[in-house]
Amino acid sequence: MTIKEKLQARFQTEFGAEPAFIARAPGRVNLIGEHTDYNDGFVLPLAIDRAAWIALRPRVDSRVRVISLDMADEQVFDLADLPRPDAVRWIDYIIGVAWALRRGGYAPAGWEGVLAGDVPIGSGLSSSAALELAAARAFYCVSDFDWDATRMAQIGRAAENEWLGIQTGIMDQMISAAGVAGRALLIDCRSLECSPAPLPAETSVVILDTATRRGLVGSAYNERRAQCEAAARHFGIAALRDIDLATFAERATELEPLIRRRARHVISENERTLQAQDAMLADDAEALGRLMIASHTSLRDDFEVSSPALDAIVDCANADPGCYGARMTGAGFGGCAVALARAEAAADFARRVGAAYEAATGNKPVLYATHASAGASTIG
Ligand code: GLA
C-alpha cells in the first residue's frame, strides 16, 4: 500500500468518509551550499520523492485533531488556546504552524485528519520542514487564505525557531514549499528568490544514509552560527554573504584561526554554490561533482561538522568510478551524504558503496536514488 492508500484507509475507518483533501510536503536533499543559509547566502537543494502527508477534512469548531500513523498516537488541540510546548512532540510542529499563521495575520480554521510520512527522522533530510509545510498546507485547505510558497516557508521556519526554539535557517522550509519537479533550486537566502536548475543529463542523485544519527547537533549548530556572526561583525558587514573570497583572503589574518576557518568555509561555499548553478546550466556533471567534493573537504576541515561515518561513506563514494562527486548534506554530524552518480550505473554504484562502507565501518547503510519532486501541494 502507498502512503496515500494507508491514509485513505485509516481516514475511512476513523471518520467513515473519504478525506476532503490530501496535503503533502516533501523532505529535501541539499546538493551544495551548506551552512550558508543563515549567512544570507546561497543553497542548491532539491525536494525529494519522500514527504509528509495529511489526509483531512474541515471541522465546524476551532479544534485540530490529528492521528499520526507513524507515532501510533492521536492528539487534539484548540486553535483558540494553543498549548505551549514543554518537550518537542510531533504535534507541537503543527501547533507551532498554527501559532505562526495567527501571528502572521492569517485565520487558520479547524480540521481533523491522519498524518503519515516517509522522510526518515533525524537523518538530515528535513522531516521537520516537511511536517511544517504539510501542516501549513492542511490549514490552507480548510481556511480562507492564499498559498504563497515563500510566506509559508517563513511560517514553517517561525514555528520551528520561535515556537519550538530550534534554530534553523530558511533552506529546508523554502525547498519543501517551493520545490520544482525535475529541478534543483538555487535559493538566495537573503532575497528568497529561487531559480530552478536542471540536473546534468544522465546523472542520478543518490542519498547515502550512514545509519548514524546526529548527536549534539543543536549546540554545535548554534555555536557555528555565533562564530559566523562574529566574523561578519569583525568585517563590519551584515552577513558573510557580503564579502568575496578575494577580499577575505587579504584580511583573513585579522581573524583568530578558528573563526577564520569557519568564515572561509562559508565564503568559499557561497562561491562554489554559484559555480554549481553554472555547471548545472552548462550540463557539466564533472564540474558539479568536483564542487561537491570541495564542499565536503571544506565542511570537514574548516567548518568541522562532518563525522567519521560521513567521511567514510563520502570517501567510498568518491573512490567509485560511477561517481562524479559526493558530500555530506544537511547540518552534519551524522545522517546522510549525497552523491551525483552516472545514471546508468546508479544501482551498481549504490551496491558497491554500501558494501565498501559496511566493510570499513561495520554500519549497514541505506542507499537509494531520489528524484526531484514538486513542493507542498494538495491532492484531491
Ligand atoms: C539544517 C538547517 C538548515 C541549514 C542546514 C545546513 O538543515 O535546518 O537551515 O542551515 O542545516 O546547511
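Me: A salt bridge is a side-chain nitrogen of Lys or Arg within 4 Å of a carboxyl oxygen of Asp or Glu. How many salt bridges does the structure hold?

Reply: This is a predicted model, and it holds 26 salt bridges.

Me: Why is the pair of arginine 59 and aspartate 61 called a salt bridge?

Reply: The closest N and O atoms of arginine 59 and aspartate 61 are 2.7 Å apart. The cut-off is 4 Å, so the pair counts. Side chains of opposite charge can pair when their charged atoms come close.

Me: What makes arginine 59 partly exposed?

Reply: The relative accessibility of arginine 59 is 22%. Buried means under 20% and exposed means over 50%, so arginine 59 falls in between. Aspartate 61, at 30%, is partly exposed because of the limits just given.

Me: What makes the contact of glutamate 304 and arginine 262 a salt bridge?

Reply: The N to O distance between the side chains of glutamate 304 and arginine 262 is 2.9 Å. That is within 4 Å, so the pair qualifies.

Me: Why is the approach of aspartate 37 to the ligand called a polar contact?

Reply: An N or O atom in the side chain of aspartate 37 is 2.5 Å from a ligand oxygen. The limit is 3.5 Å, so this is a polar contact. The protein buries 94% of the 310 Å² that the ligand exposes when taken alone.

Me: Where does the ligand sit, and what makes four residues of its shell charged?

Reply: The ligand sits in the largest pocket. Residues around the ligand include Arg28, Glu34, Asp37 and Asp172. Asp, Glu, Lys and Arg count as charged, so these four residues do.

Methods
Residues numbered from 1 in each chain as written. Predicted model: local features only at pLDDT ≥ 70, side-chain atom pairs only at ≥ 80, totals over all residues. Heavy atoms only, no water. Near = heavy atom within 4 Å. Polar contact = N/O pair within 3.5 Å; in protein donor to acceptor, adjacent residues only side chain to side chain. Areas by Shrake-Rupley, 256 points an atom, 1.4 Å probe, with all protein chains shown as cover. 1 Å grid on protein atoms, 1.4 Å probe; cavity = no way out; pocket = protein on both sides within 12 Å on 5 of 7 lines; lining within 4 Å. Sits in = over half its atoms within 2 Å of the grid points. Buried < 20%, exposed > 50% of the residue type's maximum accessible area, 1.4 Å probe, protein only.
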